[in-house]
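Open the model in your viewer and keep the selection panel at hand. The stops below are meant to be followed in order.

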Amino acid sequence: MNGYPVILDLADRLCVVIGAGKVGCRKVRGLLAAGARVRLVSTIAPSDISLQSQVDLLIKAFEPADLDDAVLAFAATGADHVDKEVCLAAKERGILSNSASRPDDGNFHLPATLRRGDLLVMVATCGRSPALARALRDRLAEEFGPEWADIVEILGRMRTRKLTDKYEKTYSHQVLNKLLKEGLAEHVAAGHTTEVNTLLTRILGETISLEDLGLVLRDISS
């Protein structure tokens, strides 16, 4: 399967999850974190009771009309015939679908995801070996620790403050490479605010601090 990677903006968009077991609840939590509106259809109440107030919960058997107005559908009942029906109904409506039990019935796969604030690292095998994708994701998690959430914030606010169309490429690449090469990640991970400020000032050629950027390094020692 040839895959085309995208990041979807699901804010306030309706997504439907069929099945409220462990897998279905995991899908729901991910969708809610992305800002989506979620309709959860299941013959039983969610195993995660805290989700009930956050979704449009329909305790019933699946019907194709449950997908009306949705942009994504997730089949996670664990029953092959139901998950297949969900994917067929989605295709008839031009809705992208994912099946937990029958991956080939859907038309998109989910990557293994590592999130550090606004840094999103995804590993996919186009559905061939989800276990391998998760294993590689876990390896990357050892290299990209929680400090990278702050690093993205620092660089994002610097970009907003400094960049112009004329100098964008030079500024982005040269400054970014110098900051990383000279220890930005290590200083952030250690919570060394003074060292970060000194590095920013030296590389940028002007006095600049985390305070100027409106940032305080989070405590990630625990």
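The tour goes from the sheet to its helices, then to the pocket, an aromatic pair and a cavity.

This is a predicted model, in which local features need pLDDT of at least 70 and side-chain atom pairs count only at pLDDT 80 or more, while totals for chains, interfaces and linings use all residues. Residues are numbered from 1 along each chain as its sequence is written, and side-chain values use heavy atoms, with hydrogens and water left out.

**The sheet.** Helices (H or I, at least four residues) and strands (E, at least two) are DSSP runs, numbered from the N terminus. Show the strands: 5 of them form an open sheet in the order 3-2-1-4-5, with parallel pairing. Two strands pair if DSSP finds at least two bridges between them. Strand 3 (56-59) and strand 5 are the edges; each has a single partner strand, so one side of each is left without a neighbour in the sheet. From one strand to the next, the twist averages 15°. Now select residues 14-18 and 37-42, which are strand 1 and strand 2, paired in the parallel sense over 5 bridges. Leu14 faces Arg37 of strand 2.

**Helices on the sheet.** Add helix 1, which packs on the sheet and touches strand 1, strand 2, strand 4 and strand 5. Its direction makes about 170° with that of strand 1. Then add residues 80-92: this is helix 2, lying across strand 1, strand 4 and strand 5 at about 165° to strand 4. Contact means heavy atoms within 4.5 Å; axes are lines fitted to C-alpha atoms, for helices over the stretch in contact, and angles run from 0 to 180 degrees between N-to-C directions.

**The largest pocket.** Select Phe108, His109, Leu110, Pro111 and Thr113, which lie nearest the centre of the largest pocket among its 45 lining residues. Its volume is about 1,800 Å³. On a 1 Å grid over the protein atoms alone, a pocket is an open set of points with protein on both sides within 12 Å along at least five of seven lines, a cavity is a set where a 1.4 Å probe fits but cannot get out, and lining residues have an atom within 4 Å of a point. A volume is the space filled by probe spheres set on the points, which are joined across faces, edges and corners. Helix 1 gives the most to this lining, with 6 residues.

**An aromatic pair.** Keep Phe108 and add Phe74: the two are edge-to-face, 5.6 Å centre to centre with 90° between the planes. Rings of Phe, Tyr and Trp (its six-membered ring) pair if their centres lie within 6.5 Å; planes under 30 degrees apart count as stacked, over 60 as edge-to-face and the rest as tilted.

**The cavity.** Finish at Asp150, Glu153, Ile154, Leu210, Leu215, Val216 and Leu217, which line the largest cavity.
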